[in-house]
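Here is a walk through a two-chain model, written for someone who would rather look at the structure than at a list of numbers. Keep the viewer open as you read.

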Amino acid sequence: MIQYHKFTLENGLTVIHHFDDATQICALNLLYRVGSRNEDPNKTGFAHLFEHLMFGGSKHVKEFDTELQDAGGESNAFTSNDITNYYVTLPANNIETGFWLDSDRMLSLDFNQKSLDVQKNVVIEEFKERYLNQPYGDIWLKILPLAYQKHPYNWATIGKEIGHIEAANLEQVKEFFFNFYAPNNAILVVAGNVSLEETKRLVNKWFAPIEIRNTIISELEKEPKQTEARKEHVYNDVPLDLIVKAYHMGGRLDPDYYACDLLSDILGSGKSARFFNRLVKEKRLFSELDTYISGDADPGLFLIEGKLMKGISFETAEAAILEEIEFLKNNLISENELSKVINKTETNICFGDMNVLNRAMKLAFAEFLGDIELVNTEIDHYLAVNPEILQEVAKNMLVEENCNTLYYHAKS
Amino acid sequence: MSLNRNIAPAFHLVDRLHFPAYETRYTKQGFKIYALKAGVQPVVRLDFIFDAGLIHQVKNAEAAFTASMLSEGTNKRNALSLAESLDFYGSYFQTRCNADDAVASLYCLDKHFNNCLPLFLEALIESIFPAKELDIQKKNSLQKLIVNEKKNSYLCRKNFYQNLLGENHPYAAFSSKENINSIDRNSLEIFHKNQYLEGLKYLMLSGCYSIETLNIIEKSMAEQPFSKPKENKLHMPDPISKIGKHLIEKNDSVQSAIRIGKISIQRDHEDFRKLQFLNLIFGGYFGSRLMKNIREDKGLTYGIYSVLEPFKGTSVWYIDSDMNSKNRESGLSEIYKELARICAEPIPNDEIDTARNYYLGSFLRSLDGPFSLADRLKIMIDNKLSDSYYPDFVKILNEIGAEELQHLANKYLANENIVEMVVGKK
């Protein structure tokens with residue numbers, strides 16, 4: 001049970017406090033409600049580039065990291081389709097340093113050209129290192145535009161192309177900052193060995209003076225229901241053929257979300273999963289075959305991804321995947337198999353809650369989704385799934401008209 | 001009262017580190033069980049540590065295959081049935097083959113421990129390495145290998161170790177296609193008998209375990225066919241380095257993988273902890289010189305780090321990065337400039353202060369969870385270090401100054417005996 005206390009400042013900042021005196025550290029997690037889905041389609045990758053700029057100095061602080069390291073702290077951040085999330089961990093008695101730094105960069109960045117130029121280069125190198133200079137690194141860049149035709153999940157967080165990052169300028173940076181990086185568009189979690197009173201004192205001192213801003217978030221275009229199968233062939237210098245099948249599923253608060261997650265475990269998670277035993281081991285069609293969900297706030301994807309054994313054709317491999325899916329749709333999953341994946345989920349939740357920073361992130365994300373109690377009720381949602389629900393969800397979701405298939409051919 | 005944001009809030013320095021107490025018990029046969037209780041979530045990890053690492057293998061690839069085949073079937077259960085049982089209790093069975101040992105770990109919730117332990121022991125003791133399962137693992141490994149061989153970072157890592165230590169050095173053992181093909185059941189069975197059944201070093205339990213869990217381990221281990229490693233000395237070859245610059249051409253790459261390094265000192269050396277600190281300043285954290293200059297000032301890379309990697313038989317220090325091919329030469333020259341600078345000039349005091357404060361804070365973070373504590377305890381046990389090894393960092397870091405750090409830089413980071421490995425465009 002994760003206990004927390006939530007309140008809102010007059011400027012609209014949501015604050016969540018979680019006390020844990022078993023640790024000597026404290027985490028500050030600041031979530032901004034902006035991700036790559038909020039970008040202009042012609043300026044993609046901007047939310048993530050912006051995340052880098054948040055470490056390049058703010059109005060009163062020249063070097064964010066040095067000031068933090070002086071107080072024994074560490075920091076990082078990530079950008080997803082939905083959010084940009086910053087976190088700091090410090091010895092609990094130095095937590096005020098985190099408040100000082102994070103409130104100053106919410107107040108205003110120092111918007112300098114040099115930081116922008118350098119971070120554009122760093123992000124371009126990141127683009128190359130993770131997406132271009134790796135075999136199969138660009139799968140995500142291919143599958144998203146195939147699966148999403150209207151909704152801005154159409155592009156990856158890193159951006160559609162390097163050119164978009166190169167074109168970013170300071171004017172856009174300012175505009176983006178003053179629109180999205182507002183107290184009324186953020187969630188602050190203070191978790192660890194710091195009391196609620198101290199948290200309130202520090203929040204009032206450092207964050208309350210920041211003015212509310214006129215944040216405009218455009219409504220996102222909904223992805224229309226897919227009605228026919230989409231397929232794309234890619235040829236690249238990789239050693240093995242690879243197949244990805246991406247099915248549309250519900251968003252994070254969709255009632256079927258938990259069933260989809262469990263279905264992905266039944267098919268593809270671990271050594272007792274169906275795909276591994278039937279298609280990797282028995283039929284020897286794949287050397288790896290994984291199933292996972294994207295976990296996005298808006299309707300996301302259920303993905304199957306596998307590397308084919310040398311000499312196996314795409315037709316054979318795909319037919320075998322489809323055969324397993326048909327079996328899933330036509331035969332009720334046993335209570336035993338369902339218990340197995342739920343038990344595994346329970347273990348994962350417990351292991352995830354061990355770390356105070358993880359708990360802070362989880363609280364922030366649940367609040368962002370609009371249901372903070374999810375941090376404690378998640379397991380109940382999984383326990384509420386039964387074999388009939390699983391079968392129903394599989395029948396509706398795992399159909400070719402709802403599927404986007406990428407055939408990634410090894411160029412010989 | 002108006003708020004002055006120009007002034008940093010006062011902060012406290014970490015003045016002591018506390019390594020929590022742990023318990024030591026013995027099984028009936030005399031194996032040590034270290035038990036470290038921490039955390040509040042009801043999770044446990046049980047590790048068995050074996051003399052079954054890269055240094056113990058006679059044939060390349062047999063250590064890794066034995067470790068990964070332990071889940072693939074016993075006299076009583078085939079691979080699927082074993083995996084189903086372990087998964088049913090929500091547990092994870094993991095084996096890791098390291099340079100100097102192998103570790104088999106069971107992760108589960110405390111409430112399921114009594115159901116998981118018999119399965120875990122069965123896998124460790126009664127594995128039969130079925131030929132069919134071995135064949136599958138070999139073919140899958142070969143597929144993984146050909147993908148790895150397409151990665152500059154993999155080629156760079158492999159060739160760096162082979163150039164620094166010698167192709168036949170155990171720490172430079174990377175399995176080739178031939179190595180994988182030549183693995184057979186027989187060699188795995190022998191390796192299992194000699195290095196696992198007759199090579200159990202100790203057990204370690206960590207997490208928020210119940211007293212029953214500890215008792216169950218003691219009871220279950222009372223009569224098991226394990227014995228301690230024999231005390232025969234391992235032959236550890238001296239490194240044979242090909243000092244100098246090496247390049248593997250990959251003309252279609254947009255980035256080059258770079259590794260530059262040399263032989264260094266081991267954990268039992270009196271300078272080791274000080275060198276760890278010096279390495280932190282040079283390239284060991286986000287505020288390091290390499291990161292500040294090459295990423296944050298020049299934007300030539302997404303990441304650049306230096307790492308001190310101590311093994312039992314030797315130690316390696318290296319710098320690692322993936323860099324824009326176009327600007328690679330200027331990046332390399334900046335690395336060597338930084339090496340020369342840290343040897344030639346004393347490090348400014350404020351830079352030392354920042355690094356020290358950060359380092360002590362990072363110890364607090366890493367001493368936070370039970371599993372990371374257990375990892376630290378393992379380092380203490382394996383290197384016969386005292387319980388004050390980590391707490392003593394406070395004193396060491398408070399005493400060290402610019403002069404001593406410069407002396408250490410000249411001793412350990414000087415630009416001599418260096419191996420430079422680059423994989424990328426010519």
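What follows goes from the chain contact to the domains, and then to a few spots worth a look.

Keep in mind that this is a predicted model.

**Where the chains meet**

Let's start with the two chains together. On one side, 59 residues of chain A make contact, and they meet 58 residues of chain B. Which elements of chain A give two or more residues to that side? They are helix 2 (64-70), strand 5 (84-91), helix 3 (95-107), helix 4 (113-132), helix 10 (274-282) and helix 12 (335-352) of chain A. Sorted by class, the side of chain A that touches chain B has 22 polar, 19 charged and 18 nonpolar residues.

**Two domains in each chain**

The domain assignment splits chain A into domain 1 (5-206) and domain 2 (230-410). For chain B, the assignment gives domain 1 (23-220) and domain 2 (244-424). The table puts the distances between domain centres, taken over C-alpha atoms, side by side.

| Pair of domains | Distance between C-alpha centres |
|---|---|
| domain 1 and domain 2 of chain A | 29 Å |
| domain 1 and domain 2 of chain B | 29 Å |

Now for the contacts between domains, beginning with chain A. Here 31 residues of domain 1 of chain A are in contact with 26 residues of domain 2 of chain A. On the domain 1 side, two or more residues each come from strand 2 (14-19), strand 3 (25-32), strand 5, helix 5 (139-147) and strand 6 (186-192) of chain A. Helix 5 of chain A gives the largest share of that side, with five residues. The class count for the side of domain 1 of chain A that touches domain 2 of chain A is 16 nonpolar, nine polar and six charged residues.

Over in chain B, 23 residues of domain 1 of chain B are in contact with 30 residues of domain 2 of chain B. At least two residues of the domain 1 side come from each of strand 2 (32-37), helix 5 (152-165) and strand 6 (200-207) of chain B. The largest share is again the contribution of a helix: nine residues come from helix 5 of chain B. By class, the side of domain 1 of chain B that touches domain 2 of chain B has 13 nonpolar, seven polar and three charged residues.

**One residue to click on: A:Glu232**

A:Glu232 sits in strand 7 (residues 230-236) of chain A. Its contacts, leaving out residues up to four places away in sequence, are A:Lys142, A:Leu146 and A:Leu406. A:Leu406 is 174 residues away from A:Glu232 in sequence, yet their C-alpha atoms are 5.0 Å apart in space. Why does A:Glu232 count as partly exposed? Because 14 other C-beta atoms lie within 10 Å of A:Glu232, while a buried residue needs 20 or more and an exposed one has 12 or fewer.

**Chain B as a whole**

Chain B has 15 helices and 11 strands. The radius of gyration of chain B is 24 Å, close to the 22 Å that the globule rule gives for 426 residues, so chain B is as compact as a globular protein of that length. Along the principal axes, the C-alpha atoms of chain B fill a box of roughly 65 × 60 × 45 Å. Of the 426 residues in chain B, 43% are buried. Take the contacts in chain B between residues at least 6 apart in sequence: 80% of them join residues at least 24 apart.

**A five-stranded sheet in chain B**

Five strands of chain B make an open sheet with mixed pairing, in the order 7-11-8-10-9. At the edges are strand 7 (244-249) and strand 9 (301-310) of chain B, each paired on one side only. On average, neighbouring strands of this sheet are turned by 15° against each other, direction ignored. Inside it, strand 8 (residues 255-263) and strand 10 (residues 315-324) of chain B run antiparallel and are joined by nine bridges. For a pair to find in the viewer, B:Ile263 stands opposite B:Val316 in strand 10 of chain B.

Helices pack on this sheet too. Helix 9 (residues 272-284) of chain B touches strand 9 and strand 10 of chain B, and its direction makes about 170° with that of strand 9 of chain B. Helix 10 (residues 289-297) of chain B also touches strand 9 and strand 10 of chain B, with an angle of about 160° to the direction of strand 9 of chain B.

**A hairpin to finish**

Strand 4 (residues 92-97) of chain B has alternating side chains: B:Phe93, B:Thr95 and B:Cys97 point to one face and are buried, while B:Tyr92, B:Gln94 and B:Arg96 point to the other and are not. A hairpin of four residues links strand 4 to strand 5 of chain B. Six bridges join strand 4 of chain B to strand 5 (residues 102-109) of chain B, and the two run antiparallel. B:Thr95 stands opposite B:Ala104 in strand 5 of chain B.

Definitions and conventions:
Residues are numbered from 1 along each chain as its sequence is written. Chains are lettered from A and ligands numbered from 1 in the order in which they are written. This is a predicted model: local features need pLDDT of at least 70, side-chain atom pairs count only at pLDDT 80 or more; totals for chains, interfaces and linings use all residues. Two residues are in contact if their C-beta atoms, placed from the backbone, lie within 7 Å. Ala, Val, Leu, Ile, Met, Phe, Trp, Tyr, Cys and Pro count as nonpolar, Asp, Glu, Lys and Arg as charged, and the others, Gly among them, as polar. Domain bounds come from an automatic or database domain assignment. The radius of gyration is taken over C-alpha atoms; the globule rule is 2.2 Å times the number of residues to the power 0.38. Two strands pair if DSSP finds at least two bridges between them. Axes are lines fitted to C-alpha atoms, for helices over the stretch in contact, and angles run from 0 to 180 degrees between N-to-C directions.
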